Amino acid sequence: MLQLNYQVQDLAFEYPFAISKGLKTHQPGLLVSLGLGRLRGHGETTAIGYYNVNVEDMIVLLEKNRQVTERYALSSPERFWHFLHHLLPGHNFLISALDMAGWDLWAQLNRRPLFAMLGLQWGPTPLTDYTIGLNSPEEIAERVKARPWPIYKLKVGSENDLPALEALRKATDSIIRIDANEGWTLEQARVILPYLEAWQIELIEQPLHREDTEGLKALRELTTIPLIADEACREEKDLDACLALYDGINIKLSKCGGITPALRMIRKIKEAGKKVMLGGMCESITGATTLAHLLPLADYADIDGPLLLKENTGQGLIYDAGKMILPQRTGSGVIL
């Protein structure tokens with residue numbers, strides 16, 4: 001019989017974190033664990049306002065379904081995900097946390113690291129970027145000085161985008177990516193594009209609103225900079241439409257419902273010849289470490305949640321100038 005436990009988090013950001021959708025100083029979240037004997041599998045998800053997800057509702061669902069979840073006989077993580085998918089329809093964030101915990105526990109039971117349990121081989125993997133939120137040019141220069149990094153991702157989608165980008169490029173020769181979080185119109189993108197190309201921006205994440213497909217088609221004709229879908233591709237049902245429009249997809253475990261559907265999505269993205277980004281939702285060490293086990297499948301990595309937080313819960317991956325080093329343990333390697 002499984003033992004289900006959870007822990008509420010409300011972790012402070014090192015700096016107030018602003019994107020085109022708003023500002024926050026703390027990240028609410030939920031850690032879950034599934035125990036079997038002395039083993040514990042761990043998962044994590046966060047509360048994201050623009051996805052209408054909050055911790056309180058997730059706890060109500062966990063308690064409502066505690067008995068049926070604990071009685072589940074874990075025979076494979078894929079079957080467990082299908083069980084959760086029918087038990088908690090539409091609640092991808094919570095499904096993801098439980099799916100992570102199931103995979104972690106299953107890998108521990110098989111005495112293998114999670115990436116090996118997924119059939120992957122560890123080797124050279126993409127470096128993660130470090131995200132800088134919407135800020136003044138002066139603050140951006142200070143962030144670069146405080147944390148030198150090989151790749152930066154700058155949040156855009158405000159009237160100060162050009163001064164902010166100029167300040168970042170003047171402060172560093174590192175790779176720069178930008179993320180508008182649906183914050184631009186086509187005309188705004190058209191105005192800023194020449195500067196992005198001159199400053200050698202590596203990619204643009206979710207430049208326009210997810211429903212502005214005509215605008216995106218026009219934008220693709222204007223630039224060779226790769227366009228990466230995030231908000232436009234929330235789960236598997238969105239994938240086909242996004243593959244026709246974008247150059248790559250940002251896969252986030254919480255929004256798509258966990259490792260199990262993420263693997264299916266990644267397989268389809270690669271078959272289409274498009275790029276895979278692995279991204280987080282400001283998860284702490286537990287979520288970031290679990291996601292990092294999928295790095296052999298990625299072209300880009302945006303797994304910097306623990307770097308953005310002032311504090312983290314537990315032990316897991318270690319960062320070394322963009323490189324992510326996994327724990328030498330079975331399962332995800334997370335210890336809480």
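**Cavity, pockets and a hairpin in a predicted model**

I will start with the inside. Strands β1, residues 3–19, and β4, residues 130–132, each put at least two residues into the lining of the largest cavity. Keep in mind throughout that this is a predicted model.

Some context for that cavity. Searching the whole structure turns up three cavities of 30 Å³ or more. The largest cavity holds about 70 Å³ of space. It has 13 lining residues, and those closest to the centre are Y15, F17, T131, R143 and L308. Which strand gives the most to this lining? That is β1, with six residues. By class, the lining of the largest cavity has eight nonpolar residues, three polar and two charged. Domain 1, residues 3–112, and domain 2, residues 117–325, each contribute at least three residues to the lining of the largest cavity.

Now the pockets. The volume of the largest pocket is about 410 Å³. Its lining is made of 30 residues, and F17, I19, K24, Y50 and C282 are the ones nearest the centre. Five elements are listed as giving two or more residues to that lining: β1, β2, β5 at 151–155, α13, and α14 at 305–308. So F17 comes up twice: F17 is among the residues closest to the centre of the largest cavity, and F17 is also among those nearest the centre of the largest pocket. The lining of the largest pocket splits into 13 nonpolar, seven polar and 10 charged residues. Where does the largest pocket lie with respect to domain 1 and domain 2? Both domains give residues to its lining, so the largest pocket lies between them.

The second largest pocket has a volume of about 320 Å³. It is lined by 17 residues, with Y51, V53, G90, N92 and F93 closest to its centre. Here the elements that supply two or more residues are helices α1, 55–64, and α4, 92–109. Its lining counts six nonpolar, five polar and six charged residues. The second largest pocket also lies between domain 1 and domain 2, because both of them give residues to its lining.

Next, the hairpin. Strand β2, residues 22–36, runs antiparallel to β3, and eight bridges join them. One pair to look at is G35, whose bridge partner in β3 is R40. Two residues sit between the strands of this hairpin, and G37 takes a positive phi near 65 degrees. Is β3 mostly buried or exposed? Six of the eight residues of β3, residues 39–46, are buried, so the strand is largely enclosed by the rest of the structure.

Let me go back to helix α13, which was on the list for the largest pocket. This helix covers residues 285–292, and T286 lies in it. T286 has 0% relative accessibility; the cut-off for buried is under 20%, so T286 counts as buried. Between T286 and G333 there are 9.0 Å in space, C-alpha to C-alpha, and the two are 47 residues apart in sequence.

Last, the annotation. An unreviewed UniProt entry lists residues 137–226 as "domain: Mandelate racemase/muconate lactonizing enzyme C-terminal". In this model, the chain over residues 137–226 is 49% helix and 13% strand. The C-alpha atoms at the two ends of that stretch are 25 Å apart.

That is what I have. I will take questions.

Conventions: Residues numbered from 1 in each chain as written. Predicted model: local features only at pLDDT ≥ 70, side-chain atom pairs only at ≥ 80, totals over all residues. Heavy atoms only, no water. UniProt positions renumbered as here; feature names shortened; annotations may be inferred. Helix = DSSP H or I, 4+ residues; strand = E, 2+ residues; numbered from the N terminus. 1 Å grid on protein atoms, 1.4 Å probe; cavity = no way out; pocket = protein on both sides within 12 Å on 5 of 7 lines; lining within 4 Å. Points joined across faces, edges and corners; volume = space filled by probe spheres on them. Nonpolar A, V, L, I, M, F, W, Y, C, P; charged D, E, K, R; others polar. Domains from an automatic or database assignment. Buried < 20%, exposed > 50% of the residue type's maximum accessible area, 1.4 Å probe, protein only. Pairing = 2+ DSSP bridges.
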